[in-house]
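Here is a walk through one protein model, from its inside to its surface. Keep the sequence and the 3D view side by side as you read.

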Amino acid sequence: MFVSDKQIYYFILCFLFGLIFGINIIISRLIYEFSGKKPIKIATDLISFIVITVLYLNFSYRYNFPSFRVYMLIGVLSGIAVINKSFYHTLAKVSKKVYNIIKRKTRKRKRVQNDGTKG
């Protein structure tokens, strides 16, 4: 059996794994953007990468991956990068619009409440 047997399939599986768990990183970024605090960013990033690492190890064990190869890491990271470049930017624009709408409505509500209590 050749060493390169089924490497492309393992790479594709790693790429798909990166795509799926790139969404996990997007969720952690959105949590940070809404909170805006540095410790929350560090905690969400750390938790995301720990979850991804544990699930990748479980995934590789379940599907009998060969020993670790660099192309596997490249597959996972490229999957995360594709999700980051495509899906994240679309979601970020939508979430920013929703955030601005909510902020505008709460500002109006506070103004109405302040006008009502003063008069």
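Start inside this predicted model. The largest nonpolar core has 13 residues. Those with the most contacts inside it are Cys14, Phe17, Ile52, Tyr56, Phe65, Met72 and Val76. Three helices feed this core: H1 (7-35), H2 (38-62) and H3 each supply at least two of its residues. H1 gives the largest share, five residues.

Now step back to the overall fold. The protein has three helices and zero strands. Read from the N terminus, the order of elements is α-α-α. H3 covers residues 70-118. How much of the protein is buried? Of its 119 residues, 23% are buried.

Next, turn to the nonpolar surface. Ile23, Ile27, Ile31, Ile40 and Phe87 make a nonpolar patch there, about 400 Å² in area. Which helix gives the most to the nonpolar patch? H1 does, with three residues.

Take Ile23 as one member of that patch. Ile23 lies in helix H1. Is Ile23 buried, partly exposed or exposed? Its relative accessible area is 36%. Buried means under 20% and exposed means over 50%, so a residue in between is partly exposed. Ile23 is therefore partly exposed, at 36%. Ile23 also shows how the chain comes back on itself in space: Ile83 is 60 residues away in sequence, yet the two C-alpha atoms are 7.1 Å apart.

Ile40 belongs to the nonpolar patch too, but Ile40 sits in helix H2. With a relative accessible area of 32%, Ile40 is partly exposed. Patch members must have over 30% relative accessible area. Ile40, at 32%, therefore passes that cut-off.

Finally, look at charge. A positive surface patch is formed by Lys103, Arg104, Lys105, Arg107, Lys108 and Arg109. Lys105 can stand as an example. Lys105 is placed in helix H3. Is Lys105 buried or exposed? Its relative accessible area is 53%, so Lys105 counts as exposed.

To recap, go from the inside out once more. H1, H2 and H3 each supply at least two residues of the largest nonpolar core. On the surface, Ile23, Ile27, Ile31, Ile40 and Phe87 make the nonpolar patch. The positive patch includes Lys105, a residue of H3.

Technical notes. Residues are numbered from 1 along each chain as its sequence is written. This is a predicted model: local features need pLDDT of at least 70, side-chain atom pairs count only at pLDDT 80 or more; totals for chains, interfaces and linings use all residues. Side-chain values use heavy atoms; hydrogens and water are left out. Patches are made of residues with over 30% relative accessible area and no salt bridge: like charges are joined within 9 Å, nonpolar side chains (Val, Leu, Ile, Met, Phe, Trp, Tyr) within 5 Å. Accessible areas come from the Shrake-Rupley method with a 1.4 Å probe; for residues, only the protein chains shown count as cover. A salt bridge is a side-chain nitrogen of Lys or Arg within 4 Å of a carboxyl oxygen of Asp or Glu. Lys and Arg count as positive and Asp and Glu as negative; His and the chain ends are not counted. The place of a charge is taken as NZ of Lys, CZ of Arg, CG of Asp or CD of Glu. Helices (H or I, at least four residues) and strands (E, at least two) are DSSP runs, numbered from the N terminus. Buried means under 20% relative accessible area, exposed over 50%, partly exposed in between (1.4 Å probe, protein chains only). A nonpolar core is a set of buried Ala, Val, Leu, Ile, Met, Phe, Trp, Tyr and Cys residues joined through side-chain atoms within 4.5 Å.
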